[in-house]
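Dear colleague,

I am passing on a structure for you to look through, and below it I have set out what was found in it. Please keep it open beside you while you read.

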Protein chains: 2
Amino acid sequence: MPTTADFERMLRGAALRVTRPRLAVLSAVHQHPHADTGSIIAAVRTALGEVSHQAVYDVLRALTAADLVRCIEPPGSVARYEARVGDNHHHIVCRSCGAIADVDCAVGPAPCLTPSDDHGFVIDEAEVVYRGLCPTCSTATSS
Amino acid sequence: MPTTADFERMLRGAALRVTRPRLAVLSAVHQHPHADTGSIIAAVRTALGEVSHQAVYDVLRALTAADLVRCIEPPGSVARYEARVGDNHHHIVCRSCGAIADVDCAVGPAPCLTPSDDHGFVIDEAEVVYRGLCPTCSTATSS
DNA sequence: CGCGCAATCTTGATTGATTCCAGAAAGTAG
DNA sequence: CTACTTTCTGGAATCAATCAAGATTGCGCG
């Protein structure tokens, strides 16, 4: 787990000002993978006291633009943020309870980047979302 | 393009009552691939006159549950619906204008269904979303 | 060490999609 | 044709997210 000093370095490296809310948001995202915005706001407030949701939204946008965090939007859920950036990985979403797990790319660095017909689109990224049942819901259903 | 009689047959086959709003929604989804809810409501109202948005939401949910339409939720956009069901295909979303195009599965019937580590999840579906620039935005940007 | 600019945060209102609710209407089976 | 059940209508409510204006604060510079 990175330290506050690491987060500060990351912010400076991205030419972003180092502020209390930003360090708290960065820390919260690292501590709570796949957390939705509400959870992040709650975590930040636990750490700092009162913080406006607007600040959190703004910080998340800035961090996303700087590639310090990544935003994912699973179907049937609100936006979620995670700290793993730079590595090509995807997600499994549980159909029943909404749990999310990371999945490393199936076949290589960027296997699905070549669809059979690109319709003239210039593709720069492919995101894969697996749907299914997590271990807990799977056993609960089959029993 | 299927006819009203076809739509009626589809509804009866799914044990759903045949109502005017349902036929209109089914028709609208077939005529406007990847339409968002608002567009579908507008299309239905053009065809039938006043229809409550609640009815459209309800119908779309019923049709989705019956696998007569499919719901997709591209990042940064609202829910959209399409009529292609049963075939495994994915989507390209334009980063700039939000246009959506269909893409047949890259490597086979269900290529990405085998991640390197499934974390104990029971996976039954994989959805791939390609991000990039559509031909129009691509040329507009590079010029 | 203190100043000034510009980015950032606070507060509060607002939008927009979606859902909930109760009653009226309509489709289907018999 | 009748009755039952599903579906639709109309309106209010919820929730995430965005917008706007003014107060703060971080950071670079002298």
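Which residue in β6(B) does B:Val93 stand opposite? The partner that stands opposite B:Val93 is B:Arg131. Please bear in mind that this is a predicted model, in which local features need pLDDT of at least 70 and side-chain atom pairs count only at pLDDT 80 or more, while totals for chains, interfaces and linings use all residues. Residues are numbered from 1 along each chain as its sequence is written, and chains are lettered from A and ligands numbered from 1 in the order in which they are written.

The sheet is a good place to begin. Helices (H or I, at least four residues) and strands (E, at least two) are DSSP runs, numbered from the N terminus, and two strands pair if DSSP finds at least two bridges between them. Strands of a sheet pair through backbone hydrogen bonds, either parallel or antiparallel. Here six strands, in the order β5(A)-β4(A)-β6(A)-β6(B)-β4(B)-β5(B), form an open sheet with mixed pairing. At its edges stand β5 (100-104) of chain A and β5 (100-104) of chain B, each with a single partner strand, so one side of each is left without a neighbour in the sheet. Within chain B, β4 (residues 89-94) and β6 (residues 122-133) pair in the parallel sense over four bridges, whereas β6(A) and β6(B) pair in the antiparallel sense over eleven bridges. In that second pairing, A:Leu133 has B:Val122 as its bridge partner.

Turning to how the chains meet, 30 residues of chain A are in contact with 30 residues of chain B, where contact requires C-beta atoms, placed from the backbone, to lie within 7 Å. On the side of chain A that touches chain B, β6(A) gives the most, with twelve residues. Of the interface residues of chain A, 100% are also interface residues in chain B, so the copies meet through the same surface.

Chain A is superposed on chain B (RMSD 0.1 Å) by a rotation of 179° with 0.0 Å of shift along its axis, the fit being by least squares on the C-alpha atoms of residues with pLDDT of at least 70 in both. That is the relation of a two-fold axis, and in chain A the C-alpha nearest this axis, 2.2 Å from it, belongs to A:Val128.

Lastly, there are 24 residues around DNA strand C, of which A:Ser52, A:Ala55, B:Val18, B:Thr37 and B:Ala79 come nearest; a residue is near the strand if its C-beta atom, placed from the backbone, lies within 6 Å of it. The largest share of this surface, five residues, comes from α4(A).

With best wishes

Conventions
Contact = placed C-beta atoms within 7 Å.
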